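Let's take a walk through this structure together, starting with the overall layout and then moving in on a few details. Keep the viewer open as you read.

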Amino acid sequence: MSDEEPKYLRLTVELTVEVLDMDALQAAALREIRHPDADLTEEERTEQAELVASDDSGASALQWLIEPDHVLQLVDHIDEIEPREAVLGVEPSEGPSEEEDEEEHDHA
């Protein structure tokens, strides 16, 4: 690498999903939370399970089900860059915007 200052790029991806089965989504997240390989104390498991169960939007459940490696696959085939930071946020949405609906049809 040259003596230049490092250059960073922030990749922003926005994806709107529709929850088809809230109970199944929450159950899948609870299985992840209760899995023996989850790096959580019993207190953390209880806290996270309560958070998932009480979140009517499904955002907490979905966040538990997205693997960071899946997100990094967007760029892992590009040898000229190195991922330095990844932040994932899941929040409730009013649904697809009209602009998103138009793009969906353009790219289908």
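Followed along its sequence, the protein chain reads α-α-α-α-α. In other words, the secondary structure consists of five helices and zero strands. Do keep in mind that this is a predicted model.

Some whole-chain numbers help to set the scene. Of the 108 residues in the protein chain, 16% are buried. The accessible surface comes to about 9,700 Å², and carbon and sulfur atoms contribute 48% of that. If you take the contacts with a separation of 6 or more, 62% of them join residues 24 or more positions apart. For a single example of positions distant in sequence, look at Glu 18 and Gly 95: they are 77 residues apart along the chain, yet their C-alpha atoms are separated by 7.7 Å. Glu 18 sits in the segment before H1, and it counts as exposed because its relative accessible area of 65% is over the 50% cut-off.

Now move on to helix H1 itself, which covers residues 22-34. At its start, a side-chain oxygen of Asp 21 comes to within 3.3 Å of the backbone nitrogen of Asp 23. How does the span of the helix compare with what its 13 residues should give? At 1.5 Å a residue the expected value is 18 Å, and the end C-alpha atoms are 18 Å apart, so the two agree.

Which residues of H1 are buried? They are Leu 25, Gln 26, Ala 28, Ala 29, Leu 30 and Ile 33. An α-helix has 3.6 residues a turn, so residues three or four places apart point the same way. The cover over the buried residues of H1 includes H2 and helix H3 (59-65).

Helix H2 (residues 42-54) is home to Arg 45. Is this arginine, Arg 45, buried or exposed? Arg 45 is buried, because its relative accessible area of 12% falls under the 20% cut-off. Leaving aside residues up to four places away in sequence, Arg 45 touches Ile 33, Arg 34, His 35, Pro 36, Ala 38 and Leu 40.

Finally, turn to the surface. Leu 11, Val 13, Val 71, Leu 74 and Leu 88 form a nonpolar patch there, with about 450 Å² of accessible area together. One of its members, Leu 74, lies in the loop between helix H4 (68-72) and helix H5 (98-107). With a relative accessible area of 46%, Leu 74 is partly exposed.

How values were computed:
Residues are numbered from 1 along each chain as its sequence is written. This is a predicted model: local features need pLDDT of at least 70, side-chain atom pairs count only at pLDDT 80 or more; totals for chains, interfaces and linings use all residues. Side-chain values use heavy atoms; hydrogens and water are left out. Helices (H or I, at least four residues) and strands (E, at least two) are DSSP runs, numbered from the N terminus. Buried means under 20% relative accessible area, exposed over 50%, partly exposed in between (1.4 Å probe, protein chains only). Contact means heavy atoms within 4.5 Å. Patches are made of residues with over 30% relative accessible area and no salt bridge: like charges are joined within 9 Å, nonpolar side chains (Val, Leu, Ile, Met, Phe, Trp, Tyr) within 5 Å. Accessible areas come from the Shrake-Rupley method with a 1.4 Å probe; for residues, only the protein chains shown count as cover. A salt bridge is a side-chain nitrogen of Lys or Arg within 4 Å of a carboxyl oxygen of Asp or Glu. The expected span of a helix is 1.5 Å times one less than its number of residues. A polar contact is a pair of N or O atoms within 3.5 Å; within protein, one must be able to donate a hydrogen and the other to accept it, and residues adjacent in sequence count only if both atoms are side-chain atoms.
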